[in-house]
Amino acid sequence: MIIEGIKDLKYYDSEIIIKRNNIRNMFISKSKNVKTGDIQCMSNDDLKILFHLYDEEFFNFYFRRNFKGTLKFSLSTRMTSAAGKTIYSRKIKLLEESEETYEIRMGIKFFFQYYKVERDKIVSGIKTKDSLEAFQIVFEHELCHLIELHLYKESSCKKIRFKTMVHNMFYHTDVVHQLPSQKEIISQEYGLKIGQKVSFLNDGNKYNGFIYKINKRATVMVKDNKGTYRDDIGNKYSKWYVQFGKLNY
Ligand SMILES: [Zn+2]
């Protein structure tokens with residue numbers, strides 16, 4: 001350790017790797033759900049276990065000893081861009097110590113889908129070896145938000161204070177993840193791309209258009225004089241949501 005104390009906590013990168021790996025091994029032995037580095041299923045209790053391991057290994061029981069507020073943990077299948085988030089009260093600056101409440105929410109789908117695309121998965125600047133390592137690193141990013149919120153009542157991973165903290169504590173060199181998104185997986189499975197020309201049938205009519213967006217379904221823009229969408233050169237379009245299986249291309 002270079003500097004002690006939650007505010008200026010700083011470890012050598014070699015220590016960080018050992019600590020992260022210790023947590024991984026202890027987590028696998030304590031979790032009922034996660035038994036390898038490949039996350040197949042998870043519960044809120046797993047997040048609690050992970051949190052206590054980080055408190056012990058990195059924060060020297062700071063939270064167990066000093067934190068008087070409430071911490072919640074949850075998993076979401078709905079998060080599509082952030083893989084984790086830390087939720088706090090808008091009144092954070094007015095709250096007493098005992099009223100501090102934070103919730104760390106993890107977008108579990110990103111980790112279930114970790115292997116769906118074959119390429120490097122870099123998280124916070126670190127090339128991860130499996131979904132559990134990626135999960136830990138996203139969790140570390142959220143822990144840094146938690147500490148920043150607890151200490152300063154505001155937090156932003158775009159700002160220098162956060163970037164310094166997360167680098168000192170966890171040796172993260174970036175604040176974004178490159179985990180496979182729903183969009184990337186679908187594009188790969190169906191071979192679809194934004195801008196691609198497609199057609200589809202509806203009520204016996206054939207419609208031609210191009211892919212404008214890819215989410216759970218494709219958003220297809222179809223030329224239509226009565227359409228309400230207009231491009232730069234005055235063409236009018238109507239917007240359709242089409243299941244991937246129904247597209248011809
Ligand atoms: Zn962030």
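These are my notebook entries on a predicted model with a zinc site, two nonpolar cores and a sheet.

**Ground rules.** I number residues from 1 along each chain as its sequence is written, and side-chain values use heavy atoms, with hydrogens and water left out. The model is predicted, and local features need pLDDT of at least 70, side-chain atom pairs count only at pLDDT 80 or more, while totals for chains, interfaces and linings use all residues.

**Domains.** I looked up the division of the protein chain and found domain 1 (6-180) and domain 2 (184-246); such bounds come from an automatic or database domain assignment. The C-alpha centres of the two domains lie 38 Å apart. I noted 6 residues of domain 1 in contact with 4 residues of domain 2, where contact means heavy atoms within 4.5 Å.

**Zinc site.** Which atoms coordinate the zinc ion? I found His141 (NE2), His145 (NE2) and Cys157 (SG), at 2.1 to 2.3 Å. Donors here are N, O and S atoms within 2.8 Å of the metal (3.2 Å for Na, K and Ca); water is not among the atoms, so sites may look incomplete. Along the chain the donors follow the spacing H-x3-H-x11-C. His141 lies in helix 5 (residues 131-152) and Cys157 in the loop between helix 5 and helix 6 (160-170), so the pair ties together parts that are 16 residues apart in sequence. Helices (H or I, at least four residues) and strands (E, at least two) are DSSP runs, numbered from the N terminus. I recorded both His141 and Cys157 as buried; buried means under 20% relative accessible area, exposed over 50%, partly exposed in between (1.4 Å probe, protein chains only).

**Asp130.** Is Asp130 buried or exposed? Asp130 has 8% relative accessibility and counts as buried. The residue lies in the loop between strand 5 (126-127) and helix 5. I found a polar atom of the Asp130 side chain 3.0 Å from the backbone nitrogen of Glu133. Leaving aside neighbours within four places in sequence, Asp130 is in contact with Arg24, Gly37, Tyr114 and Tyr115.

**Cores.** A nonpolar core is a set of buried Ala, Val, Leu, Ile, Met, Phe, Trp, Tyr and Cys residues joined through side-chain atoms within 4.5 Å. The largest has 51 residues, and those with the most contacts inside it include Tyr54, Phe59, Phe139 and Leu143. Helix 5 gives the largest share of this core, 11 residues. I then listed the contacts of Phe59 beyond four places in sequence, among them Ile6, Leu143, Ile147 and Phe170. A second, separate core of 12 residues includes Ile186, Val198, Val220 and Leu247.

**Sheet.** I traced an open sheet of 5 strands in the order 6-7-8-10-9, with antiparallel pairing; two strands pair if DSSP finds at least two bridges between them. Strand 6 (197-202) and strand 9 (229-230) stand at the edges, each with a single partner strand, so one side of each is left without a neighbour in the sheet. Strand 6 pairs with strand 7 (residues 205-214) over 6 bridges, and Asn202 has Asn205 of strand 7 as its bridge partner. Strand 8 (residues 218-223) is joined to strand 10 (residues 236-242) by 6 bridges, with Met221 opposite Lys239. Strand 9 and strand 10 share 2 bridges, and Arg230 stands opposite Lys236. These two strands form a hairpin with 5 residues between them, and Gly234 in the turn has a positive phi of about 90 degrees.

How values were computed. Polar contact = N/O pair within 3.5 Å; in protein donor to acceptor, adjacent residues only side chain to side chain.
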